[in-house]
Amino acid sequence: MSEPSQLPDPAAVFACALSLWDSCQRAAANDAGLNLSDSYQKIDHLMRVLMSIGNRFETWSCENVAFEALVEVWPYVLKDRFGETCLRVLLPSSLDQFDDDDCLRIALLLRLPVRVRDHLRVPVDIVADNPVSGSPFHAFRILTVRDRLEEDDTEPFTSDDEPFDEEWGIPYFALYGVGADGLREHIADRRTYAEAADLVQKLAPGLRLPVGPNSLAGR
């Protein structure tokens, strides 16, 4: 794990916990079968669980989110959207099972700019113009894809997909050449973004790609 890009913000931790608290209360109000006190050995235990989730998500985000790409105020994003998004990932009665995989799931659902790193399953879709004249390709595209394990099927991996879906293999990076008509031609597959970037820059010297892109890069 690389060093965090910034230190955890207590305001962000509190925003996560408060947002999730409010969402749990709404869920309990709408579900007569959900008793939060019984699910967590009384409400004070639930509060500790929510603070633990806030700390964990903020620490994970400081390591993996490109905050410089955000246009919204970070604690406000969490206060407004974290709780409901978290409950799309976990039931309100099972929040004590929250882990780093859930951090990634929530970050993708929130459309956060997650940094592309070998240990994270994040979607990438980057298109860069080809500076080489006379080439049949006007641009190159690096796209995350994954294979269905039981079938001969490959599809793009996007922010709308479950990153740990057991029907699909680990995402990898496909390199395409893009013609003037917009049609793409598959060139090669690589395990990491760095390997795909290295290949395309050998094919098109002078081509400029993002350094350390995030999951919202591209167009």
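**Exercise 1. Compare the span of helix α1 with its expected span, then describe its start and its surroundings.**

Helix α1 has 21 residues and reaches 30 Å from its first C-alpha to its last, which is close to the 30 Å expected at 1.5 Å a residue, where the expected span is 1.5 Å times one less than the number of residues. Helices (H or I, at least four residues) and strands (E, at least two) are DSSP runs, numbered from the N terminus. The model is a predicted one, in which local features need pLDDT of at least 70 and side-chain atom pairs count only at pLDDT 80 or more, while totals for chains, interfaces and linings use all residues. Residues are numbered from 1 along each chain as its sequence is written, and side-chain values use heavy atoms, with hydrogens and water left out.

At the start of α1, a side-chain oxygen of Asp-9 comes to within 2.9 Å of the backbone nitrogen of Ala-11. Further along, the buried residues of α1 include Ala-12, Val-13, Leu-20 and Cys-24, buried meaning under 20% relative accessible area, exposed over 50%, and partly exposed in between (1.4 Å probe, protein chains only). Among the elements that cover the buried residues of α1 are α2 (36-39), α3 and α4.

**Exercise 2. Decide whether Ala-12 is buried or exposed, and find which residues it contacts.**

Ala-12, a residue of helix α1, counts as buried because its relative accessibility is 0%. Leaving aside neighbours within four places in sequence, Ala-12 is in contact (heavy atoms within 4.5 Å) with Glu-58, Trp-74, Pro-75 and Leu-78. Trp-74, Pro-75 and Leu-78 are among the buried residues of α4.

**Exercise 3. Find where helix α4 bends and which helices its buried residues pack against.**

Helix α4, residues 74-89, bends by about 50 degrees at Arg-81, the bend at a residue being the angle between axes fitted to the seven residues ending there and the seven starting there. The buried residues of this helix, including Val-77, Phe-82 and Leu-87, pack against α1 (10-30), α3 (43-64) and α5 (100-109).

**Exercise 4. Locate Thr-192, and describe its exposure and its contacts.**

The loop between β5 (184-190) and α6 (193-203) holds Thr-192. Thr-192 is buried, because its relative accessible area is 4%. Its side chain reaches the backbone nitrogen of Glu-195 at 3.1 Å, and, when residues up to four places away in sequence are not counted, Thr-192 touches Asp-118 and Phe-173.

**Exercise 5. Work out how exposed Arg-117 is and which side chain it meets in a polar contact.**

Arg-117 lies in the loop between α5 and β1 (125-129), and it counts as partly exposed because its relative accessibility is 21%. The side chain of Arg-117 makes a polar contact with that of Asn-64 at 3.1 Å; such a contact is a pair of N or O atoms within 3.5 Å, and within protein one must be able to donate a hydrogen and the other to accept it, while residues adjacent in sequence count only if both atoms are side-chain atoms.

**Exercise 6. Describe the phi values of Gln-41 and Lys-42.**

Most residues other than glycine have a negative phi. Gln-41, however, has a phi near 55 degrees, a positive value, and Lys-42 has a positive phi near 90 degrees. Gln-41 is in the loop between α2 and α3, as is Lys-42. Gln-41 is exposed because its relative accessible area is 65%, and Lys-42 counts as exposed at 58% relative accessibility.
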